[in-house]
Amino acid sequence: MTESQNTRTARNTADVVILGAGPAGLLLANLLHREGIDCAVLERATPLHLRTRARAGFLAANTVRILDRHGLSGNLHRHGRLHGSCEFRTDDGHFRLDYAGLGRGEQHTVYPQQDLVADLLDQYLEAGGRIRFETEALEVHDADGPRPAVTVRGPDGATGRWSARYVAGCDGRHGAARRSLPSTARHHRRDHGVSWLGLLAEAPPSLDATAYALHGRGFAGHMARTPRITRYYLQCARGTRAGEPPEERLWDELDTRMRATDHGPLHRGRIVQRAVVDLESDVVEPLRHGSLLLAGDAAALISPAAAKGANLAVLQADLLARALADDLARGDGRALERYSAEALARIWRAQEFSHWMIRLLHARPGPPDGESFFHESIRRARIASLRASRTHQDWFAENYVGI
Ligand code: FAD
């Protein structure tokens with residue numbers, strides 16, 4: 001089915017209505033469709049927006065294994081690049097961890113998230129899957145009953161209603177699923193007090209490793225995306241407006257924090273995307289509320305410090321697809337409870353490592369005091385241990401690539 005045929009399809013009912021066509025929603029849709037489960041995806045954005053929205057890029061080994069297992073990784077292996085090195089630059093010198101040779105010996109595959117989304121979308125459409133673009137879910141109703149419904153606003157601005165057996169909320173942190181949660185849902189939130197200015201530059205990577213620069217002026221990061229595109233992060237003050245700093249100043253600041261005088265200047269290029277990200281984590285518990293199920297960023301938001309968000313989204317979609325198939329096709333009434341428990345255990349593991357990375361990469365927020373000296377000394381000791389201890393390096397590698 002093509003994108004436009006999909007938009008014209010009239011039937012507003014499905015066994016599983018999936019909100020959101022990000023990595024979580026599209027993987028779930030592919031897997032359910034293959035199981036013969038009647039599903040439909042409702043997505044607020046246009047197909048073009050989905051295919052071009054640059055976000056994550058580092059896929060964990062387990063993410064690739066999941067996509068391999070379902071035969072959804074052809075392009076990823078053709079165009080993605082294996083990546084197994086990261087470098088820390090600090091006041092006490094720099095060092096590299098070739099994590100591909102540490103821990104479980106796993107590597108990342110660098111493959112832009114928008115390309116993964118495009119692959120999943122193409123495979124779903126080719127298989128005849130149903131999706132409605134430019135259709136915003138407004139609210140999920142009657143999730144505690146056997147026939148939940150979703151009110152939507154379509155491309156022409158008119159509102160409509162979908163009904164389902166289950167609604168899978170894969171529509172991110174600000175989506176309708178989260179807005180529709182019952183008061184019994186528990187939200188666990190942590191604001192890490194740190195913000196990053198995320199930049200996407202039309203410039204080749206400046207080194208063959210991910211770089212984490214810990215500097216008195218704040219953190220800076222370098223992450224390859226493609227041979228021509230590189231992502232940079234600059235820690236910035238809370239409330240910074242992404243569009244304000246002139247390009248030249250951003251490159252100068254990146255050079256300073258990445259210590260260009262010691263390592264050579266960065267490859268500069270046009271900055272094509274800027275966004276400020278406040279580093280926050282939040283987890284909803286449980287992930288099942290009657291007929292409403294959560295996956296991906298809708299279930300848990302994780303700061304980009306450890307590059308886990310898209311990987312968690314894929315993992316949860318895989319678990320949820322299996323649970324829904326067990327429930328709908330095989331009548332296993334406990335499968336969805338198990339999904340919630342299993343996914344939450346993985347989410348908290350990832351949150352723990354992400355939290356560790358945040359404390360490693362940043363000075364304590366706020367004005368300097370006795371506590372900040374203590375934090376800084378712990379941070380230096382942690383870096384020294386990571387530099388010298390093979391056991392610490394193995395632990396780091398296992399958590400850094402693992403999920
Ligand atoms: P999304 O990708 O956000 O998809 C949700 C979809 O729902 C969207 O298409 C949206 O348009 C749609 N939607 C929203 N509301 C509605 C509605 N009401 N009705 C219908 N549709 C709706 N993660 C990593 O693993 N590695 C990284 O290197 C990494 N880098 C990142 C860099 C940046 C700058 C950012 C912002 C994030 C990064 N992440 C990274 C996180 C990662 O991008 C997310 O965790 C991932 O996109 C989550 O996937 P998802 O499918 O749950 O949600």
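This report describes the ligand shell, two strand pairings and one helix of a predicted model.

## Basis of the model

The model is predicted: local features need pLDDT of at least 70, side-chain atom pairs count only at pLDDT 80 or more, and totals for chains, interfaces and linings use all residues. Residues are numbered from 1 along each chain as its sequence is written, and side-chain values use heavy atoms, with hydrogens and water left out.

## Ligand shell

The ligand is surrounded by 33 residues, of which Glu43, Arg55, Gln113, Asp297 and Ala310 come nearest; a residue is near a molecule if one of its heavy atoms lies within 4 Å of it. By class, the shell has 14 nonpolar, nine polar and ten charged residues. In this classification Ala, Val, Leu, Ile, Met, Phe, Trp, Tyr, Cys and Pro count as nonpolar, Asp, Glu, Lys and Arg as charged, and the others, Gly among them, as polar.

At least two shell residues each come from helix H2 (23-34), strand E9 (136-141), strand E15 (229-236) and helix H10 (309-328). The largest share, four residues, is supplied by H10. Helices (H or I, at least four residues) and strands (E, at least two) are DSSP runs, numbered from the N terminus.

## Polar contacts and coverage

Polar contacts are pairs of N or O atoms within 3.5 Å. Polar side-chain atoms of two residues approach oxygen atoms of the ligand: that of Arg55 at 2.8 Å and that of Asp297 at 2.7 Å. A polar backbone atom of Ala137 lies 2.9 Å from a nitrogen atom of the ligand. On its own the ligand has 1000 Å² of accessible area, and the protein covers 92% of it; such areas come from the Shrake-Rupley method with a 1.4 Å probe.

## Strand pairing

Three strands form an open sheet in the order E3-E7-E4, with antiparallel pairing. Strand E3 (58-59) and strand E4 (81-83) are its edge strands, each pairing on one side only. Two strands pair if DSSP finds at least two bridges between them; E4 and strand E7 (residues 108-110) have three. Within this sheet, Arg81 stands opposite Val110 in E7.

Strand E5 (residues 86-90) pairs with strand E6 (residues 93-97) in the antiparallel sense over five bridges. A hairpin of two residues joins E5 to E6, and Glu87 stands opposite Arg96 in E6.

## Helix H13

Helix H13 (residues 390-401) has twelve residues and reaches 16 Å from its first C-alpha to its last, close to the 16 Å expected. The expected span is 1.5 Å times one less than the number of residues. Buried residues in H13 (under 20% relative accessible area, 1.4 Å probe, protein chains only) include His392, Phe396, Asn399 and Tyr400.

Note on methods: Polar contact = N/O pair within 3.5 Å; in protein donor to acceptor, adjacent residues only side chain to side chain. Buried < 20%, exposed > 50% of the residue type's maximum accessible area, 1.4 Å probe, protein only.
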